[in-house]
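Trainee: I am new to this structure and would love a close look at a single part of it. Could you walk me through one strand and what surrounds it?

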Amino acid sequence: MSTTWRPDNPPDDPPDDPRSAGLDALPRPVAVALGGGGVLGAAHVGVGYALEHRKFVPDLVVGTSVGALTGAIAAAHPDRAAPWLDHVWTNLRRRDVFPLGYLSSRTSIFTDRGLRRLIERAELPARIEQLPIPFTAVAMDLATGDPVCLDHGDLPSALLASAAIPGALPPVVRQGRTLVDGGLVAYVPVREAEQAGAASVVVLSTGPASWPVRPTLPRRRPGAIASRAAVLQVHHQIEVDLQDVAKRIPTVVLPTGVDEWPAPWDFSHSQRLISTASVTAGRFLDGLRISGPGLYRTDDPAGSIASAIPSSRSGAGQ
């Protein structure tokens with residue numbers, strides 16, 4: 001259960017009680033769960049700055065799609081991933097990831113050569129189990145629709161599978177399974193984090209579907225209608241997963257402060273996303289108080305409210 005904490009709804013523990021203060025109060029092991037979102041994943045970097053500044057190191061990392069790539073780098077370099085990712089994101093262009101005019105095969109519009117280059121430059125080990133922090137990439141089995149947790153074996157192919165947007169990037173075959181983007185079944189992989197053994201989870205999520213959706217009708221155009229429907233579908237999946245996991249373990253959703261998101265293929269806004277998320281997540285973390293299982297987040301996309309504690313409203317499915 002959860003709601004936003006406000007001054008007229010104080011937490012059970014006083015703000016100066018060290019037993020309940022911030023991330024240090026989370027039960028171990030603590031997982032970081034990183035969601036999908038393409039270019040919107042630049043916000044992960046800003047949140048990463050806030051976490052690194054506060055000396056937070058997770059016990060395990062679980063990522064979907066772009067969150068898998070970001071998460072693997074964080075698992076490989078837990079104390080210095082944010083500056084490296086900042087440099088990558090602020091210099092990245094669409095053609096680096098989705099090169100027009102280069103058909104991969106009959107299975108996708110683009111090749112994955114851009115993603116392969118990014119992975120090669122990230123100084124990652126060859127195998128998942130060689131990462132300093134235990135890591136899981138989430139993909140989807142194209143034959144069954146089941147989520148697939150990749151926590152051992154070849155690391156580059158796991159990252160490519162988790163980010164293989166159907167139709168845009170080629171599927172990846174691993175151990176006889178054809179795998180595609182995990183965001184289709186686990187946009188924010190909190191269930192997978194709990195299954196991996198987490199006693200609490202810190203969520204890095206991105207995009208408009210990650211926050212309360214304002215009731216509104218889109219313009220009566222095919223693209224706007226399809227986009228709105230997709231946001232609602234993903235939002236529903238995220239909410240169901242968050243509410244379920246929060247019944248059992250503390251689930252902290254870090255705000256990004258971003259209320260105007262660019263198109264998923266527009267890399268020109270990366271610096272804004274990083275800077276905004278860094279400040280907003282830091283403010284939230286400094287006011288965070290933990291008091292047992294529940295969903296800890298702000299209902300304000302701009303992150304103007306600093307901390308949250310469990311209550312009945314969100315637990316009722318609202």
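In which sense do E3 and E4 pair, and over how many bridges?

Mentor: Happy to help, and strand E4 is a good place to settle in. One thing to keep in mind from the start is that this is a predicted model. E3 and E4 pair in the parallel sense, and 4 bridges hold the pairing. To find this pairing on your screen, look for Val 62, whose bridge partner in E4 is Thr 136. E3 itself covers residues 60-64, while E4 covers residues 135-141.

Now let us move to the other partners of E4. Strand E5, residues 147-150, is joined to E4 by 4 bridges, and these two strands run antiparallel. Met 140 has Pro 147 as its bridge partner in E5. E4 and E5 form a hairpin with 5 residues between the strands, and in this hairpin Gly 145 has a positive phi near 80°.

E7 is another partner of E4: the two run antiparallel and are joined by 3 bridges. Here you meet Met 140 again, since its bridge partner in E7 is Val 180. Met 140 therefore has a bridge partner in E5, namely Pro 147, and another in E7, namely Val 180. Asp 141 also takes part, with Leu 179 as its bridge partner in E7. As you follow the backbone here, a general point may help: in a regular strand the side chains alternate between the two faces of the sheet.

How enclosed is E4? Of its 7 residues, 7 are buried, so the strand is largely enclosed by the rest of the structure. Confidence is also at its highest in E4, with a mean of 98.

From E7 we can step on to E6. E6 and E7 pair in the antiparallel sense over 3 bridges, and Val 173 stands opposite Thr 178 in E7. These two strands form a hairpin with 2 residues between them, where Gln 175 takes a positive phi near 50°. Gln 175 is a residue other than glycine, and it sits in the loop between E6 (172-174) and E7 (177-181). With 75% relative accessibility, Gln 175 counts as exposed, because the cut-off for that is over 50%.

Back on the E3 side there is another backbone feature to look at. Ser 65, in the loop between E3 and helix H2 (66-76), has a positive phi near 60° and is likewise not a glycine. Ser 65 has a relative accessibility of 8%, so it counts as buried. For background, most residues other than glycine have a negative phi, and most peptide bonds are trans. On the peptide-bond side, the bond between Arg 28 and Pro 29 is cis, with omega about 0°. You will find Pro 29 in the loop between strand E1 (3-4) and strand E2 (30-34).

E4 also has a helical counterpart when it comes to burial. Helix H6, residues 155-162, has 7 of its 8 residues buried, so it too is largely enclosed by the rest of the structure. Among the buried residues of H6 are Leu 155, Leu 159 and Leu 160.

For a helix contact, turn to H3 (residues 81-91) and H9 (residues 270-287), which pack at an angle of about 145° with their axes 8 Å apart. On the H3 side, Asp 86, Trp 89 and Thr 90 make the contact, and they meet Ser 270, Gln 271 and Ile 274 of H9. By kind, these residues are 2 nonpolar, 3 polar and 1 charged.

Finally, let us set E4 within the whole protein. The secondary structure comes to 10 helices and 11 strands, and buried residues make up 53% of the 318 residues. Of the contacts with a separation of 6 or more, 73% are between residues 24 or more positions apart. The protein has an average pLDDT of 81, and 77% of the residues score at least 70. In contrast to E4, strand E1 has the lowest confidence, at a mean of 34. Across residues 1-19 the pLDDT is below 50, although the model gives this stretch 49 contacts beyond near neighbours in sequence. Residues 304-309 also stay under 50, with 32 contacts beyond four places in sequence. Where pLDDT is low, the predicted coordinates should not be read in detail.

Conventions:
Residues numbered from 1 in each chain as written. Heavy atoms only, no water. Axes fitted to C-alpha atoms, helices over the stretch in contact; angles between N-to-C directions. Contact = heavy atoms within 4.5 Å. Nonpolar A, V, L, I, M, F, W, Y, C, P; charged D, E, K, R; others polar. Buried < 20%, exposed > 50% of the residue type's maximum accessible area, 1.4 Å probe, protein only. Pairing = 2+ DSSP bridges. pLDDT = per-residue confidence, 0-100.
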